[in-house]
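Load the model in a viewer and follow the stops below in order. Each stop gives a selection and then says what is there.

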Amino acid sequence: MSQDVEAGQLPEPGQVTLAELVVSLEQGWQDFRRAPVYGLFFGGVYAVVGLALAVLGAKSWIWTLVLSLGFPLIAPFAAVGLYEVSRRLEDGTPLDWRGVLGVVLAERHRQIPWAGAIIVIYFLFWSFLAHMLFALFLGPSALMNVSTSWDILWTPAGLRLVAVELVVGGVAAFVLFGLTVVSLPLLLEREVDFVSAMLLSLRTTLANLKVMLVWAALIAALLFVGMLPYFLGLFVVLPVLGHATWHLYRRALYDPV
């Protein structure tokens, strides 16, 4: 698919193969190796907040709520930083902190904050749905006692709840993945409203459903590995995934690069 798209006109979703997914992941690793300081910095944003969620969440659910609501607003900006590094490496633009951070800061006046707001709203909806499922399966009183004992989750009703939560949560997570996997890099590269970008991202995901399911599963697995131990692996896993997402986006909407 050609990169010569008229101004104001969105590209059409293309086809991505599993082989191209592997190549995108390899390119993400190469980008991290070429600019490790930038990757460690932006990956560190995720890792530090994740660790803070774990530590503070063990002490106060209020801090967990505050960080959980604020993180989706910050996370897209960290992702944009990784995309910008890959974009510069791709077209040969010199890397410098002022330029890269300048692009990230400039996004606050564009569409990325709206995308972050949608992620927050989505998170709140999922939180409400998860609590509703808990109450339906175990009753509202169990929700108040689960923080002191997890034994109730090992009961037949608790195991059914866990199974349903995993299925519903997996579907909800994949929908959010579909809305953002292409839209966030697109919002960096082009002047387009966040609604159109998210709809195009969802269309691209559906047009490449098998590949995107594999990509989402890889992300989940690598993130799980990256969280061990103490979220330190995220310093490497997250930037590699961020760089790879940029290359996958380019392959999905434009000619392979």
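Start with the largest nonpolar core of this predicted model. The core has 51 residues. To find those with the most contacts inside it, select Phe177, Leu186, Leu187, Met212, Trp215, Tyr249 and Leu253. Colour by helix next: H11 gives the most to this core, with 10 residues.

Keep Met212 selected and show what surrounds it. Leaving aside neighbours within four places in sequence, Met212 is in contact with Phe174, Phe177, Val181, Thr204, Thr205 and Leu248. A second core, separate from the one above, has 7 residues, including Leu129, Leu133, Leu138 and Leu161.

Now select residues 209-226, which form helix H10. This helix of 18 residues reaches 25 Å from its first C-alpha to its last, close to the 26 Å expected at 1.5 Å a residue. Which residues of H10 are buried? They are Val211, Met212, Trp215, Ala216, Ile219 and Gly226. Look down the axis of H10: the buried residues fall within an arc of 135°, so they line one face of the helix. Lys210, Phe224 and Val225, on the other side of H10, are exposed. To see what covers the buried residues, add helices H1 (18-34), H7 (156-180), H9 (194-207) and H11 (234-253), which are among the covering elements.

Stay on H11 and select Trp246 and Tyr249, which lie 3 residues apart in this helix, about one turn. An α-helix has 3.6 residues a turn, so residues three or four places apart point the same way. The ring centres of Trp246 and Tyr249 are 5.3 Å apart and the planes stand at 50°, so the pair is tilted. Trp246 is buried, at 0% relative accessibility, and Tyr249 is buried too, at 1%.

The last stop is another aromatic pair. A search of the whole structure finds 8 such pairs. Select Phe41 and Trp97: their ring centres are 5.3 Å apart and their planes are at 80°, so this pair is edge-to-face. Which parts of the chain does the pair link? Phe41 is in helix H2 (residues 36-57) and Trp97 in helix H4 (residues 97-106), distant parts of the chain with the two residues 56 apart. Phe41 is partly exposed at 41% relative accessibility, and Trp97 is partly exposed at 32%. Add Tyr38 and Phe42 to complete the view: ring pairs link Tyr38, Phe41, Phe42 and Trp97 into a cluster.

Terms used. Residues numbered from 1 in each chain as written. Predicted model: local features only at pLDDT ≥ 70, side-chain atom pairs only at ≥ 80, totals over all residues. Heavy atoms only, no water. Helix = DSSP H or I, 4+ residues; strand = E, 2+ residues; numbered from the N terminus. Expected span 1.5 Å × (residues − 1). Buried < 20%, exposed > 50% of the residue type's maximum accessible area, 1.4 Å probe, protein only. Arc of directions from axis to C-beta. Contact = heavy atoms within 4.5 Å. Core = buried A, V, L, I, M, F, W, Y, C linked by side-chain atoms within 4.5 Å. Phe/Tyr/Trp six-rings, centres within 6.5 Å; stacked < 30°, edge-to-face > 60°.
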